Amino acid sequence: MKWMLLFFFSSTLLFSQEQPKEVLNFEEYLGFVKQFHPLAKQANLTLKQGEAQLLKARGAFDPRIEVDYDRKKFKNTEYFDKLDAAFKIPTWYGIELKGKLQQNTGDFLNPESFVPTDGLYSAGISFSLAEGLLINDRMAQLKQAKIYEKQTEAERDLLLNQVLYESSVAYFDWLLSYKEIAIFKDSYNNALVRLNAVKRSIQAGDIPAIDSTEAKLTVQNRLLGLQQAELYFTKNALKLSNYLWLENDIPIELQPNVIPQEVNEEILNRVFQIEAISYNDAVLENHPKLTILNTKVDILTIEKRLKTNNLLPKIDLEYNFYSETPDELNSFNTANYFAGINVYFPLFLRKERGELNLAKFKLQDAQFEQMSTEVSLRNKIKQTIAEVNSYKEQSILTADLVLNYQKMVTAEERKFSMGESSLFLVNSRENSYIESQMKQNILQNKLFTSQARLFNILGIDL
């Protein structure tokens, strides 16, 4: 974009005349904020964290190879040489499939470890009954990770929305200070014209010399207001620069010849996507803040199910078929097998009951927060919509006031030129006109800010 080049002009260059003004378009500005601002990039990192969490949870179901090898040799005597290799495949409902190879030799081998010379192969299955059958840690973590991924998407949208809201307010403040400079420049030039006219009238003997003092005071006051407005503009330009970055994380600073775009309601409706917004339940249906709380409730619900399941006895079963010739499937039969059962059940279940109660309390806390946030959002949306509509009505009234004050100044100047008025009255009329312009700009700034706040409260993703 052509205005980007303006940020790279060296501040040490000298110009024989004022640089041409270049407009920083509001939509382009927000586009750069969304694409390059570090907080916007940080928001995208949140999404990647959710993806990483899901990948980690899925890893619990990865097939794995386990090898256990032990050998003992002392004074030329081989006590034992044992190899135990297994390939295991975890599945969803706590069921694990596995294939195994055992090769054991040695002079002092435990009799139960004797196997054929070429090794002993087995294929089997292990699973849990009661606790761990319908839900277990692996299942719970994977379900929670899938929900967490959705939660990080909503968190990303909220973070990005907040950055765009804050940067928009900075732009509106910058625009307000630019308009104030224009007002004070115009009034300062008018005061200079009148001072010169008063000086000529004094030289002609038409008015007393004391009138020049009043004209000078007006010039000085207008100049002071202009300098204060320029300082305000510089501070807001630097504040705006906090949101301007380029690729490779390079911050940029606005140059003095860059000015804001004249923003209007049409532009804001197009950018913020809030045209004709009125409150209804559909407005909150996909709100990212409520999505975060809903996913939190879903995650804690799974946690509660897991803790409830832990109250059941733990019964682990295992069954393996043995074979010396694994390439022949019919060699695996029920005549050669290994089976086992492991039962575990605490008598008082104090740990399990305590964990379940904690899970219930966390879930209730999240549900209360969910209800409270939903009501709060409803009221904030209604309040901000009413605020926007009120500022729109006030803006119409203020625009009419400014027009009428301008007419009063014009009429007073005409009377002054004909000798039917005084400089005091002209300055008084113009001061009222200036105040009305300032009020109009401040009110417009409040309108823009309230529209940005509505965008922020709605959690809209651009």
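**A surface patch, two nonpolar cores and the surroundings of helix α5**

Isoleucine 89 is placed in strand β3 of this predicted model. With a relative accessibility of 32%, isoleucine 89 counts as partly exposed, because the buried class ends at 20% and the exposed class begins over 50%. Together with Ile65, Val67, Tyr69, Phe87 and Leu97, Ile89 forms a nonpolar patch on the surface, for which the accessible area adds up to about 590 Å². Two elements, β2 (64-74) and β3 (77-90), each contribute two or more residues to this patch, and the largest share, three residues, comes from β2.

In the interior, the largest nonpolar core comprises 65 residues, of which Phe26, Tyr29, Tyr171, Phe172, Trp174 and Phe272 touch the most other members. At least two residues of this core are supplied by each of α1 (26-36), α3 (137-203), α4 (211-241), β6 (245-246), α5 (265-272), α6 (281-285), α8 (350-417) and α9 (423-458), with α3 giving the most, 17 residues. A second core, separate from the largest one, consists of 12 residues, among them Leu54, Phe61, Ile135 and Ile147. Tryptophan 174, one of the members of the largest core with the most contacts to other members, is in contact with Leu24, Phe233, Asn236, Ala237, Leu240, Leu254, Val258, Ile259 and Pro260 when neighbours within four places in sequence are left aside.

The loop between β8 (258-260) and α5 holds glutamine 261, a residue that is buried, its relative accessible area being 15%. Beyond the residues up to four places away in sequence, glutamine 261 touches Val23, Leu24, Asn25, Phe26, Tyr171, Leu175 and Ile267. With one of these residues, phenylalanine 26, there is also a polar contact, in which the side chain of glutamine 261 reaches the backbone nitrogen of Phe26 at 2.9 Å. Phe26 and Tyr171, both touched by glutamine 261, are also among the residues of the largest core that touch the most other members.

Helix α5 itself is capped at the N-terminal end by asparagine 264, a side-chain oxygen of which lies 3.2 Å from the backbone nitrogen of glutamate 266. Within α5, the buried residues are Ile267, Leu268, Asn269, Val271 and Phe272, and their cover includes α1, α3 and α9. Ile267 is in addition one of the residues touched by glutamine 261, while Phe272 belongs to the group with the most contacts to other members of the largest core. After α5 comes glutamine 273, with a positive phi near 60°.

Notes. Residues numbered from 1 in each chain as written. Predicted model: local features only at pLDDT ≥ 70, side-chain atom pairs only at ≥ 80, totals over all residues. Heavy atoms only, no water. Core = buried A, V, L, I, M, F, W, Y, C linked by side-chain atoms within 4.5 Å. Buried < 20%, exposed > 50% of the residue type's maximum accessible area, 1.4 Å probe, protein only. Helix = DSSP H or I, 4+ residues; strand = E, 2+ residues; numbered from the N terminus. Contact = heavy atoms within 4.5 Å. Polar contact = N/O pair within 3.5 Å; in protein donor to acceptor, adjacent residues only side chain to side chain. Patch = residues over 30% accessible without salt bridge, like charges linked within 9 Å, V, L, I, M, F, W, Y side chains within 5 Å. Areas by Shrake-Rupley, 256 points an atom, 1.4 Å probe, with all protein chains shown as cover. Salt bridge = Lys/Arg side-chain N within 4 Å of Asp/Glu carboxyl O.
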